[in-house]
Amino acid sequence: MFTGIIEAIGTVASVKNTQGDLTLQINSGTLDLADVKLGDSIATNGVCLTVVGLPGNGFIADVSRESLAHTHIERWSAGTKVNLEKAMLPTTRMGGHLVTGHVDGVGIVKKRSADARSIRFTIEAPAALRKYIAAKGSVTVDGVSLTANALSADGFELNIVPHTAQQTTLIGLQPGSEVHLEVDIIARYLEQLLRPDNSAEQAPDTGISQAFLAQNGFWK
């Protein structure tokens, strides 16, 4: 689990095809790896990766076909810049929001413009994800915890303050750039809990009757 507060910008050192999936070596930049051991998780542009090697100047991680299907990692190459965050601790400040590192899909930057000292972006989100994004709600973009300022016809708008722009890869985004999106975890679980076709065998009893939910407009 992560918070979406980026700790460092890393650089892809190599991308290796390994029997149908990929192995990445990431130079971790200023990220302190002194407390990282094999098997630990590091969010890399929002993707939760398991550390399988520690060469000294970064880490090595494998990327499964499942992760490749929901990200644009296959288009990474040596030199690609990535946002890095180590897994949160029980004592970590919750400066962002709860982020799982399980990317839901890839968005596309449609517009970029200056807004005083900030940068305003319009992001196109896959149709299947739009219902989970709310105005003033949380959304993760390339691992960064952000607030959706407003909804657009095919996605949402963001305002990136100077500090966030300088401390992440977001400053380099341009129209056409691809970004990893993770919607708010609460929205995903609520949909599952309130789905009318959930039988007692499919989900535990929450103590809320389906009749009550239907009467109060949770579904039609």
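Colleague: Let's start with secondary structure: how many helices and strands does the protein chain have?
Modeller: This is a predicted model, where local features need pLDDT of at least 70 and side-chain atom pairs count only at pLDDT 80 or more, while totals for chains, interfaces and linings use all residues. Residues are numbered from 1 along each chain as its sequence is written, and side-chain values use heavy atoms, with hydrogens and water left out. Helices (H or I, at least four residues) and strands (E, at least two) are DSSP runs, numbered from the N terminus. On that basis the protein chain comes to four helices and 13 strands.

Colleague: Which strands make up the closed barrel, and in what order?
Modeller: Strands count as paired if DSSP finds at least two bridges between them. Six strands close up into this barrel with antiparallel pairing, and the order is β1-β2-β5-β4-β3-β6.

Colleague: And by what angle are neighbouring strands of that sheet turned against each other on average?
Modeller: Axes are lines fitted to C-alpha atoms (for helices over the stretch in contact), and angles run from 0 to 180 degrees between N-to-C directions. For this sheet, with direction ignored, the average is 45°.

Colleague: Over how many bridges do β1 and β2 pair?
Modeller: These two form a hairpin with two residues between them, and Gln-19 in the turn has a positive phi of about 55°. Thr-11 has Asn-27 in β2 as its bridge partner. Strand β1 covers residues 8-18, strand β2 covers residues 21-27, and their antiparallel pairing has seven bridges.

Colleague: What is the bridge partner of Gly-10 in β6?
Modeller: β1 also pairs with β6, again in the antiparallel sense, over four bridges. In that pairing, Gly-10 is matched with Val-82.

Colleague: Same kind of thing for β3 and β4: which residue of β4 is the bridge partner of Ala-43?
Modeller: β3 (residues 41-44) and β4 (residues 47-53) run antiparallel over four bridges. There, Ala-43 is bridged to Cys-48.

Colleague: On to charges: how many residues apart in sequence are the parts that Glu-178 and Arg-75 tie together?
Modeller: A salt bridge here is a side-chain nitrogen of Lys or Arg within 4 Å of a carboxyl oxygen of Asp or Glu, and the structure holds 10 of them. Glu-178 and Arg-75 make one at 2.9 Å, N to O. Glu-178 sits in strand β13 (residues 178-183) and Arg-75 in the loop between α1 (65-70) and β6 (81-86), so the parts they tie together are separated by 103 residues.

Colleague: Which residue does Arg-188 bridge to, and is that partner buried or exposed?
Modeller: Buried means under 20% relative accessible area, exposed over 50%, and partly exposed in between (1.4 Å probe, protein chains only). Arg-188 is partly exposed at 25%, and it belongs to a salt-bridge network with Asp-104 and Glu-182. The closest N and O atoms of its bridge to Glu-182 are 3.7 Å apart. At a relative accessible area of 2%, the partner is a buried Glu-182.

Colleague: What fraction of the protein chain's accessible surface belongs to carbon and sulfur atoms?
Modeller: Accessible areas come from the Shrake-Rupley method with a 1.4 Å probe, and for residues only the protein chains shown count as cover. Of the 220 residues, 40% count as buried. The surface comes to about 11,700 Å², and the share of carbon and sulfur is 53%.
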